Amino acid sequence: MQEFEKTISFGGRDIHLRGGLLAPQAGGAVLVQSGETAVLVTATRSAGRQGIDFLPLLVDYEERLYAAGRIPGGFLRREGRPPERATLICRLIDRPMRPLFPQWLRDDIQIVATTLAMDEQVPPDVLAATGASIAVLLAKIPFYGPMAAVRVGLVGDDFIINPTYREVETGDLDLVVAGSPDGVIMVEAGANQLPEADVIEAIDFGYEVVQDLIKAQLELIKELGIEIVTEQEPETDPTLATFIEEKTAAAIKDVLKQFSLTKPERDEKLDAIKDELVATIDALEDDNPIKVAVAENGKALGNTYKSVTKKLMRQQIVDEKVRVDGRQLDEVRPISCRVGLLPKRVHGTGLFQRGLTQVMSVATLGTPGDAQMMDDLHPDEEKRYLHHYNFPPYSVGETRPMRSPGRREIGHGALAERALVPVLPPKEEFPYVIRVVSEVLSSNGSTSMGSVCGSTLSLMDAGVPITKPVSGAAMGLIKEGDEVRILTDIQGIEDFLGDMDFKVAGTDSGITALQMDMKITGLPLAVIADAINQAKPARLHILEKMLATIDTPRAELSPYAPRLISFKIDPEMIGMVIGPGGKKIKGITEQTGAKVDINDDGTVTVSSIEGEKALQAKALIEAIVFKPAAGDVFVGKVTRVIPIGAFVEFMPGQEGMVHISQLADYRVAKVEDEVNVGDEVIIKVREIDGRGRINLTRLNIHPDEAAAARAAAEVRA
C-alpha cells in the first residue's frame, strides 16, 4: 500500500494517522498518534477453518513498557501475561467492532493494537479502537463501518473530548462512546453519581465527535481509492428453515407462554422439542432434501432451531409485550438479600439474588501493604480497592475445566469495581485496602449487576463506611424494524436472543457506572436515553430491597479484621524507623506482632488484630522519630558514666547527658554516688545546644510531670 499521512482535528485535539510504512504484510495497518502516544493497529484476515459456525474474531491489545521508557520488573525483565487493564482495552476494542462484521462471515479475523509510545496526557485505548476501524477498512474486510470511539470527561461544568489522565482523575466522568453510521454502538462509563440527564447529554456530546471521525475515515479511504467491502451473505436453502418452523413453532410458542417454568424446566422442554424434531428427520427417507441438508451440515439443524426460537421469542415481546416469564417489560424479578452469611472470620458477606441469578460477595479488609502494584503503562501505580468476579460452571448447571479468569470475568469484575469506587471512603479516613470477591452461584442473566448489589451488601456488613449504597440493573432491547421494546432486568434467554445488554449502576443520587453492548449496528440516542431513564426506577426498587436488609454500614469491624492506625512522620526520619537493613522495623514487628507500612511521603500505617499491639508499635515509632524540646520530661536509662556526668537514653536511639551538677540539688562528689549504668531515672530536657547535643537535668521536675513520663513509658513498653 502507498504511504499516507492524515491529521484529524477535533475538540482541540489532533489525531495523526500514518499508513503504508509499518507492518507491510498485515492486511491493513495504521499508526495512530495523538500527543506523544502512538498505537500501531493491524487487521488481518485468513481463510476460515473447517466446521466453524461462528465469527472467529480475535482482538489483542499489547503493551510494551518501552513505550513509557521503562524496563519490566520480575526475574525475566520482559512483558508476560497481559495486565488487567490491557485485557479491558481488548474488550473495549472488541465490543464495538464485533457487531459491525457480517455475522455469517467465517474467515479468521485478527485485530492487534500495540502501544509503541505513550505519555501521561493521552490514553491509548480510544486511539486503538478508532485505529481498529481504519485498519479493517484498509484490509478490505467486510465491515458495516466505519466505527470511531472518543472519551468524554467532565471538568467543572464542561464536557471535554479525550481528556488527559489527570483530567479524568479529577473530573466527575470517564465515558467512552463508540459509534457507527447507524448510531451509538458501545458505551463504557464511570461517573461520580451523575444524574441521568447529564450522562445522556455526555453521550450525545461524544457521538457528535464520533460522527466527525467517521466522516474523516470515509474521506481517507476515498483519497486512497478504497471502497468499503460489503460481500453478500451466502445463499441458504430456505427449505430446512421452513420445515423446522412448521414442525416446531406451535410447541415452542406453548413453552414460551408457560410463565411459571424455571429456566432449567424451560430449557428441558425446548430440548425435548428439538429431540423430537431430530427423530422426525431421522425417520425421513435417505434421499429426502431435508435429511440430506442436515447430513451435509451437522450444525444446520441446531442453528436453525435456535433461529426459530429466537424469532418466536422476539415476536412475543414485540407483538404481545409478554416476556417468557410473564413479567411486564419494565418489571424486576423477585429479589432477596442477606448479610453476615459466613462466620465473622470473613470480614463481610452479602448474598444477593434476583430471580435465578444468585451472587455471594465477600469483603476482606487489608493493610496498605496489600495494595495491588500495577506494572503497566497507566500512571497509577497501585490499587486499594479490588473487585474479583468468579463464574464457575455449576452456576449454569454445566461441567467444564476450571481455568484462570478469562476476559469476561475480568471485564465483569472491573465494571462492578468501577460502580463502587465513587462511594468508597477516602484513604485518609479509612486506610484499609479492600478486596471484594463475587462468587456467581447461579446465573440467569445480569450477574455483573448482581455483583454490584452483593458487593454493596458485603461492604456494609464489613463496616466499610461507604457514602451511599449502590445498586444496578441490566437493560435489554428487542428491535424488529421500527418497533423497539426496552426490557428491564433481562434474564439469560433475553440477553442471548436480544439486541442489547445495557448495564446501569448507581446510587439514589445518580449513575456511577455504565456498560452498553450491541448485537446490531447502532442505536439512536433517543432509544439509549429511554433505556437509561427506564433503569432508574428499577435501580431504586432494588436499592429499597437491599436497604431493608441493612441500611447503614456496621459500626464495628469484624473482630478478625486488622486494626489500623495511620499517622505521619517526617519523611527524613523514615530511614531511622527502618534502621540498617530493616533492623529497627523488624524489631518493632517482632516485639509487638503488628505490621508496619511506610509510604515515601511519611505516612505510617500500623496494623494488628489487637488494637493494643498497634498502639504499642505506634508508640515505639513515635519514640524513634521524636524530636525533644526543652522542658520535656522522660523516664530514661543510664547507658554510660563519665567523670563529668551520665549519659541517659530517654527514647530509642536518643540520649543526652546529665552534667554532674544537674544530678542532685546538692554538691555531688562522684557521679557513681548518684547513678550507675542501667539505673532508671526521671530526667528533663534542659537545653539543646547549637550542635544538636541534648543536655538533661534531674532538677526542678514536678511530681505530675514525673507521673506523666512514667505513664508514657509504660505505653511504649
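**View 1. Helices and strands of the whole chain.** The protein chain contains 16 helices and 29 strands. The model shown is predicted. Along its principal axes, the C-alpha trace of the chain spans about 125 × 65 × 50 Å. The chain has 717 residues, and 52% of them are buried. About 33,000 Å² of surface is accessible, and carbon and sulfur atoms hold 50% of that area. Among contacts with a separation of 6 or more, 70% are between residues 24 or more positions apart.

**View 2. A barrel of five strands.** Five strands close into a barrel, and their order around it is β25-β26-β27-β29-β28. The pairing in this barrel is mixed. Neighbouring strands of this sheet are turned against each other by 55° on average, with direction ignored.

**View 3. Strands β27 and β29 within the barrel.** Strand β27 covers residues 654-659, and strand β29 covers residues 694-697. The two strands run parallel and are joined by two bridges. M657 has N695 as its bridge partner in β29.

**View 4. Cysteines C337 and C453.** The structure holds zero disulfides. Why is there no bond between the sulfurs of C337 and C453? A disulfide needs the two cysteine sulfur atoms to be within 2.5 Å. The cysteine sulfur closest to that of C337 is in C453, and the 7.3 Å between them is too far for a bond. Seen from C453, the closest cysteine sulfur is that of C337, again at 7.3 Å and too far for a bond. C337 counts as buried because its relative accessibility is 13%, and the cut-off for buried is under 20%. C453 has a relative accessibility of 0%, so C453 counts as buried.

**View 5. T488 and its surroundings.** T488 lies in strand β19, which covers residues 483-488. Is T488 buried or exposed? Its relative accessibility is 1%, so T488 counts as buried. The side chain of T488 is joined to the side chain of Q534 by a polar contact of 2.9 Å. Leaving aside neighbours within four places in sequence, the residues in contact with T488 include R323, R327, L329, D330, E331 and V332. A474, M475, Q534 and A538 are also among the contacts of T488. Q534 therefore appears twice in this view, as a contact of T488 and as its partner in the polar contact.

Key. Residues numbered from 1 in each chain as written. Predicted model: local features only at pLDDT ≥ 70, side-chain atom pairs only at ≥ 80, totals over all residues. Heavy atoms only, no water. Pairing = 2+ DSSP bridges. Helix = DSSP H or I, 4+ residues; strand = E, 2+ residues; numbered from the N terminus. Axes fitted to C-alpha atoms, helices over the stretch in contact; angles between N-to-C directions. Buried < 20%, exposed > 50% of the residue type's maximum accessible area, 1.4 Å probe, protein only. Contact = heavy atoms within 4.5 Å. Areas by Shrake-Rupley, 256 points an atom, 1.4 Å probe, with all protein chains shown as cover. Polar contact = N/O pair within 3.5 Å; in protein donor to acceptor, adjacent residues only side chain to side chain.
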